[in-house]
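Student: Please pick one part of this model and look at it closely with me. I'd like to begin with salt bridges and then see what surrounds them.

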Amino acid sequence: MTTWRESAARWAWAAVLGLLTPVYLLKLWWRGRAEPGYRQALPQRLGWAYGAAQPQRPIWVHAVSLGETKAAAALIATLRQQHPGVPLLLTHSTATGREAGLALLQPGDAQTWLPWDTAGATRRFMAHWRPQVGVLMETEIWPSLLHAATRAKVPLVLANARLSERSARKGQRLSVLLRPAAQALHLALAQTEDDAQRLRAGGVANVVVVGNLKYELQPDPSELTLGAQWQAQWAAAGRQVVVAANTRDGEEALLLAAWQAWLASLPEQQAAGLVLALVPRHPQRFDEVAALVHAQGFTLWRRSQWQGGALPEQALQAQVVVGDSLGEMPRYYGMAQVSLLGGSFAPLGGHNLIESLACGCPMVLGPSTFNFAEAAELALAAGAAWQVADAPSAMQQVGRVLADPASRQQAQAAALAFTAQHTGAAARMAQHLGPLISAPAAR
């Protein structure tokens, strides 16, 4: 039973977001300078301009950004197999997620933005789309959205659910607002038992541990093949590549400084044979990172400068590569001997280390891995990754890996075996979602 304090908090939340709506739209328009996708279909952010209603009630999957969209792909494919003919409604919050989601759509499906979390926008969203079930990926708990779904009798499931200790502590400070939202969830399908315990403590009544969908991600073999060809080109030029993947603001400067100091400690010929590839997590920062590389005095090659298959001579001579492209991570992992986990060298919890290991590329982790705590622990135990205290220590570990090809090959094999051992989450999630999905009505 919702208390008057909880109801007041939810209304206050929705009212504040309503007042901030012009600021929110302005921010989206501003971000659209670098990523035009943010300027598409802006009225849908407020629950308007959806077009004609669908005749069939869809399965609604919300994947906020690129990582969640990629993880949702395996679950969506399994649901299609088990429930043929039921349309999909796919929602996102970021332009990269929306772009990646296009590849998952089939005839009869729909794609739109997640509504801004006001009472009116979420109510209009539910009234128009009438989903038979909502699947929210990972951490998406929005008070107004959960309330609107409850009123519309739409069961919401938090899939691939995770909740770090840090996020749980923050949630406790806003428990009057977030606890009722968590209690409104029909079910949470948690990645780990630790996640499950924190979700239960946060108010989710029904929690089941099913594993992590990101283990289901299989890199495109053709992309890996091209990455291997790139690695062979680098090798023919006498060079080895280290990729820093999904880096965040502030990390590139740390890593470049540590890289420069490490190179200075090596014999000149050995240092000349090393290449650092930086792949920023957010596309709007591509130019910023390239400018930073220039400012540090490195010769630079940007992926966007060349759209062909084989690497051009300019790339093979560069000291630093900036991977300013989307959807090519298997290529970058395929060309590297070892990778560095972005988001782990700043207090950000790290990003998806599973993708690198699935490509057979062992990884050096920084100190901050709370977003993938269990995966990090298991990867370390399996010998597929190493963890260090800071960026300079990471470069020393990279040096040890590059100097010992036999150990590196053993870590590569461990990385592939590690990801293969943890598959099956998509099937388990689909099994729990099945009772909430009805067959399409006969026409």
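**From salt bridges to the core**

Tutor: Let's start with Glu 193 and Arg 200, which form a salt bridge whose closest N and O atoms are 3.3 Å apart. (A salt bridge here is a side-chain nitrogen of Lys or Arg within 4 Å of a carboxyl oxygen of Asp or Glu.) Before we go on, keep in mind that this is a predicted model: local features need pLDDT of at least 70, side-chain atom pairs count only at pLDDT 80 or more, and totals for chains, interfaces and linings use all residues. Residues are numbered from 1 along each chain as its sequence is written, and side-chain values use heavy atoms, with hydrogens and water left out.

Back to our pair. Glu 193 has a relative accessible area of 39%, so it is partly exposed, and Arg 200, at 37%, counts as partly exposed too. (Buried means under 20% relative accessible area, exposed over 50%, and partly exposed in between, with a 1.4 Å probe and protein chains only.)

By this rule the chain has 16 salt bridges. Another of them joins the side chains of Glu 165 and Arg 198, at 3.9 Å from N to O. That pair ties together distant parts of the chain: Glu 165 is in helix 7 (residues 165-173) and Arg 198 is in helix 9 (residues 193-201), 33 residues apart. (Helices, H or I with at least four residues, and strands, E with at least two, are DSSP runs numbered from the N terminus.) With a relative accessible area of 52%, Glu 165 counts as exposed.

Now compare that with a pair tucked inside. Arg 331 and Glu 328 form a salt bridge with the closest N and O atoms 3.0 Å apart, and both of these residues are buried. They belong to a network of salt bridges that also includes Glu 223 and Arg 303.

From there, let's move on to the nonpolar side of things. The largest nonpolar core has 38 residues, and Trp 234, Tyr 333, Leu 353 and Leu 357 have the most contacts inside it. (A core is a set of buried Ala, Val, Leu, Ile, Met, Phe, Trp, Tyr and Cys residues joined through side-chain atoms within 4.5 Å.) Helix 15 (residues 329-335) gives the most to this core, with four residues. A second, separate core has 33 residues, including Leu 266, Val 289, Ala 290 and Val 398. There's a general habit behind this: in soluble globular proteins, nonpolar side chains tend to be buried together.

Tyr 333 is a handy landmark, so let's meet two residues that touch it. One is Cys 359, in the loop between helix 16 (354-358) and strand 13 (363-365). Its relative accessibility is 11%, so Cys 359 counts as buried. Leaving out neighbours within four places in sequence, Cys 359 is in contact with Pro 219, Leu 224, Pro 330, Tyr 333 and Leu 416. (Contact means heavy atoms within 4.5 Å.) Cys 359 also shows how the fold brings sequence positions together: Asp 220 is 139 residues away in sequence, yet the two C-alpha atoms are 9.3 Å apart. Leu 357 touches Leu 416 as well, and its other partners, again without neighbours up to four places away, include Pro 362, Met 363 and Phe 418.

The other residue is Asn 246, in strand 8 (residues 240-247). At a relative accessible area of 12%, Asn 246 is buried. Its contacts beyond four places in sequence include Glu 251, Arg 281, Tyr 333 and His 351. Here's a quirk: Asn 246 is not a glycine, but its phi is positive, about 60°. Most residues other than glycine have a negative phi. Ala 41 does something similar, with a positive phi near 50°, and that residue sits in the loop between helix 2 and strand 1 (59-62).

Finally, zoom out. The secondary structure comes to 20 helices and 14 strands, and 55% of the 443 residues count as buried. Of the contacts with a separation of 6 or more, 67% are between residues 24 or more positions apart.
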